[in-house]
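Work through the exercises below with the sequence and the model open. Each task is followed by a stepwise solution.

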Amino acid sequence: MSATVLHTSPSLALIDYRCTMGPHDRPYDEVHGRHSLSFVRRGSFGVLARGRRHELVAGGVLVGRPGDAYRCTHEHHACGDECLSIQLAPELAERFGGRSAWFTGGLPPLAPLMVLGELAQAAATGRHDVGLDEIGLLFAARFVELVEGVGPERPASRAADRRRAVEVALWIDAHAAEPIDLERCAAQAGLSPFHFLRLFGATIGATPHQYLVRARLRHAARELGAGERPITQIAYDCGFGDLSNFVRSFRRAAGVSPRAFRHAARGDRKILQERLARAA
């Protein structure tokens with residue numbers, strides 16, 4: 001079993017697990033250390049948890065509760081499995097309510113969770129600009145809602161709350177080149193990460209991470225049109241960790257590459273005309 005930590009904070013972690021066990025490997029008992037939701041991305045495995053047997057295939061979810069023993073088997077699949085595990089601190093899990101939901105052991109593929117699970121995978125590989133911490137919280141909230149039939153509270157719409165969201169948006173814009181995650185944004189607002197995520201989205205119309213990426217792209221567009229600095233340097237200075245992620249995000253947002261955008265900003269009208277023609 002290999003484990004790659006994709007995101008970690010005091011309240012939330014996302015880990016990529018890859019298991020190579022097959023039908024001839026002897027299963028063994030394990031114990032959940034945290035509340036966890038492990039979304040099966042590939043392969044399949046059986047799990048015996050809380051006296052019940054679950055067969056989990058791609059799209060299924062292994063539900064973990066601290067202290068609960070479980071045993072995974074692989075008699076039906078010879079190629080192992082891959083899971084994206086969302087692990088929550090006890091205080092965060094309790095905030096979602098739905099305590100009985102954590103006793104389910106496993107869930108079959110459910111469309112709402114499958115969509116969010118695939119979105120999380122896209123975020124992990126840089127193909128979507130939603131934050132891994134954000135999607136982890138949304139996945140957990142949706143899990144409880146589906147199992148318990150309890151919808152999440154709507155964020156407050158008081159003027160003071162909206163002001164908090166706007167002030168944090170301004171702060172994100174001013175510090176966009178710095179490493180910023182959901183925990184840091186929530187601390188600026190003085191709210192829990194989940195409460196802040198809902199409030200920010202309802203007020204701004206984007207998640208904090210989406211807004212951060214868009215702020216970085218806006219700053220980059222300004223730099224591309226203003227001078228001669230290398231595109232790689234602009235990407236790093238605006239907060240992007242690598243050039244390929246920057247180019248991919250910029251093209252998705254602008255419809256053209258950073259280099260083409262720079263040429264257009266310098267008066268190459270052909271690029272803009274072609275972009276408009278494709279959109280027509």
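**Exercise 1.** Classify the crossing of helices H7 and H9 in this predicted model, and state which residues make the contact.

Solution. Step 1: helix H7 spans residues 208-226, and its axis comes within 11 Å of that of H9. Step 2: the two axes cross at roughly 90°. Angles of 65 to 115 degrees count as roughly perpendicular, so H7 is roughly perpendicular to H9. Step 3: H7 contributes Leu217, Ala220, Ala221 and Leu224, while H9 contributes Phe246, Ser249, Phe250 and Ala253. Step 4: by residue class, the contact of H7 with H9 holds seven nonpolar residues, one polar and no charged.

**Exercise 2.** Determine the geometry of the aromatic pair formed by Phe246 and Phe250, and place both residues in the chain.

Solution. Step 1: both residues belong to helix H9 (residues 243-254) and sit four residues apart, about one turn of the helix. Step 2: the ring centres of Phe246 and Phe250 are 5.7 Å apart, with 55° between the planes, and the pair is tilted. Step 3: Phe246 and Phe250 are both buried. Step 4: together with Phe240 and Phe261, they form one aromatic cluster. Step 5: Phe250 also belongs to a nonpolar core of twelve residues, which includes Ala220, Ala221 and Ile231.

**Exercise 3.** Decide whether the pair Phe96 and Phe194 is stacked or edge-to-face, and describe where its members lie.

Solution. Step 1: the count of aromatic pairs comes to eight. For Phe96 and Phe194 the ring centres are 4.8 Å apart and the planes stand at 65°. Plane angles over 60 degrees count as edge-to-face, so this pair is edge-to-face. Step 2: Phe96 is in the loop between helix H1 (90-95) and strand E9 (106-107), and Phe194 is in helix H6 (residues 193-204). The two are 98 residues apart, and the pair links distant parts of the chain. Step 3: both Phe96 and Phe194 are buried. Step 4: beyond its neighbours within four places in sequence, Phe96 contacts Leu88, Leu137, Ala140, Ala141, Val144 and Phe194.

**Exercise 4.** Analyse the packing of H3 against H6, then relate H3 to the largest nonpolar core.

Solution. Step 1: the axes of helix H3 (residues 132-148) and H6 come within 10 Å and cross at roughly 95°. This angle makes H3 roughly perpendicular to H6. Step 2: the contact involves Glu134, Leu137, Leu138 and Ala141 from H3, and Pro193, Phe194 and Leu197 from H6. Step 3: six of the residues in the contact of H3 with H6 are nonpolar, none is polar and one is charged. Step 4: the largest nonpolar core has 47 residues, with Leu88, Phe96, Phe143 and Phe196 having the most contacts inside it. H3 gives the most to this core, eight residues.

**Exercise 5.** Is Glu82 buried or exposed, and which residues does Glu82 touch?

Solution. Step 1: Glu82 is in strand E8 (residues 81-88). Step 2: the relative accessible area of Glu82 is 15%. Buried means under 20%, so Glu82 is buried. Step 3: residues up to four places away in sequence are set aside; Glu82 then touches Tyr17, Arg18, Phe39, Val40, Arg41 and Arg42.

**Exercise 6.** What percentage of the residues in the protein is buried?

Solution. Step 1: the protein has eleven helices and nine strands. Step 2: of its 280 residues, 47% are buried.

Note on methods. Residues numbered from 1 in each chain as written. Predicted model: local features only at pLDDT ≥ 70, side-chain atom pairs only at ≥ 80, totals over all residues. Heavy atoms only, no water. Phe/Tyr/Trp six-rings, centres within 6.5 Å; stacked < 30°, edge-to-face > 60°. Buried < 20%, exposed > 50% of the residue type's maximum accessible area, 1.4 Å probe, protein only. Axes fitted to C-alpha atoms, helices over the stretch in contact; angles between N-to-C directions. Parallel < 35°, antiparallel > 145°, perpendicular 65-115°, else oblique. Contact = heavy atoms within 4.5 Å. Nonpolar A, V, L, I, M, F, W, Y, C, P; charged D, E, K, R; others polar. Core = buried A, V, L, I, M, F, W, Y, C linked by side-chain atoms within 4.5 Å.
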